[in-house]
Amino acid sequence: MHSTNKVFNDELHTMTLSEDGSYTAYSKEYDEHYHSTRDGALKESLVKHVEPAFKIKQDQREINILDICFALGFNTLATLYYYKQNSLTSKLNIYSPELDKTLVKSLQNFTYPKEFEEFKPIIDAICRDGIYEDENFYIEVFLDDAREYVRKFESKFDIVYQDAFSPNSNPALWTKEYFSDIKRSIKDNGVLTTYSIALATRLALYENGFNIYLNIGDDYRDATVASPSELAAFKEVDMPHKISCNPNAEPLRDSRVYNT
Ligand SMILES: C[S@@+](CC[C@H](N)C(=O)[O-])C[C@H]1O[C@@H](n2cnc3c(N)ncnc32)[C@H](O)[C@@H]1O
């Protein structure tokens, strides 16, 4: 299943085999894995992000994707894999912030699943230059804070992959204020995917004008899809009902994360 094994482990990251046979990594800094080891790294990218997003978006000439955050690049690479598997022809532009420069620079040494083998030149270019471009793909990795990066865009994105570490360990990327910036950056008919099903996450999206939908399947843990528009392809979460059942629930707020 894998291309040749290489040495990736360093003082902050160790490689871990996940349930679907693909490797992910464990972050000592965040004390979390980069993917669900139970669902599997490749599978999680495909079923929780790429497939639900492309169920809505694939007929456009050009598709702009915000990938929060790049890390091992699975969501970006799984997007390219899906694109090739389904013989899509749109121009894909992928914009992805990532704070961990050391991680991105070391990805040449990561053991990716064989499904990503043909993207080796793309991984090498991103490690080296932070950017890759050909006639079908433009990929830009911004090696700094996602909060700052997202504010540069207005009505730009067709797809947002919301894949930060969990709200407990990476709260700045789950607040109501953060999702307000995401709302400004996404198109009115854009679609956001996330593994989080926490009510606080859904509230942060809902209070910014997103409709909330279920992403459920027999062989993976539930996830969330959200959009400023109505999506007929997914079952909507009844947020007024959830709120009436949990009147004390609140979204995370910047004031709590940054102690301002
Ligand atoms: C769960 S991992 C993302 C996994 C990735 N989507 C993949 O498929 O490999 C979360 C990433 O967010 C990055 N991160 C956390 N806070 C950030 C911030 N404020 N700006 C940019 N990156 C951030 C972490 O360094 C980590 O690499």
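**Close-up A. T193 and H49 meet side chain to side chain.** In this predicted model, the side chains of T193 and H49 make a polar contact at 2.8 Å. T193 belongs to strand β9, which covers residues 186-194. Its relative accessibility comes out at 0%, so T193 counts as buried. Who else is in touch with T193, once neighbours within four places in sequence are set aside? Besides H49, the list has K48, P52 and A53, then V160, Y161 and Q162, and finally T224 and V225.

**Close-up B. The ligand and its polar partners.** Here we're looking at the ligand, which has 21 residues around it. The closest of these are H35, E98, D145, A146 and D163. Two backbone partners show up on the oxygen side: a backbone N or O atom of L72 sits 3.0 Å from an oxygen atom of the ligand, and a polar backbone atom of F74 lies 3.2 Å from a ligand oxygen atom. With N75 it's the side chain that takes part, placing an N or O atom 3.3 Å from a nitrogen atom of the ligand. On its own, the ligand would expose 610 Å², and the protein buries 97% of that. As for where the ligand sits, the space it takes up is the largest pocket.

**Close-up C. Helix α4 and what it packs against.** Zoom in on helix α4, residues 120-129. Which of its residues are buried? They are I122, I123, D124, A125, I126 and C127. These buried residues pack against two helices, α2 (74-85) and α3 (101-105), and also against two strands, β6 (131-133) and β7 (137-142). Just after α4 comes G130, with a positive phi near 75°.

**Close-up D. R151 in the loop after α5.** This view moves to the loop between α5 (146-150) and β8 (157-162), where R151 is found. Is R151 buried or exposed? Neither, quite: its relative accessible area is 45%, so R151 is partly exposed. Leaving out residues up to four places away in sequence, R151 touches D181 and R184. Look at S185 as well: R151 and S185 are 34 residues apart in sequence, yet their C-alpha atoms are 7.3 Å apart in space.

Methods. Residues numbered from 1 in each chain as written. Predicted model: local features only at pLDDT ≥ 70, side-chain atom pairs only at ≥ 80, totals over all residues. Heavy atoms only, no water. Helix = DSSP H or I, 4+ residues; strand = E, 2+ residues; numbered from the N terminus. Buried < 20%, exposed > 50% of the residue type's maximum accessible area, 1.4 Å probe, protein only. Polar contact = N/O pair within 3.5 Å; in protein donor to acceptor, adjacent residues only side chain to side chain. Contact = heavy atoms within 4.5 Å. Near = heavy atom within 4 Å. Areas by Shrake-Rupley, 256 points an atom, 1.4 Å probe, with all protein chains shown as cover. 1 Å grid on protein atoms, 1.4 Å probe; cavity = no way out; pocket = protein on both sides within 12 Å on 5 of 7 lines; lining within 4 Å. Sits in = over half its atoms within 2 Å of the grid points.
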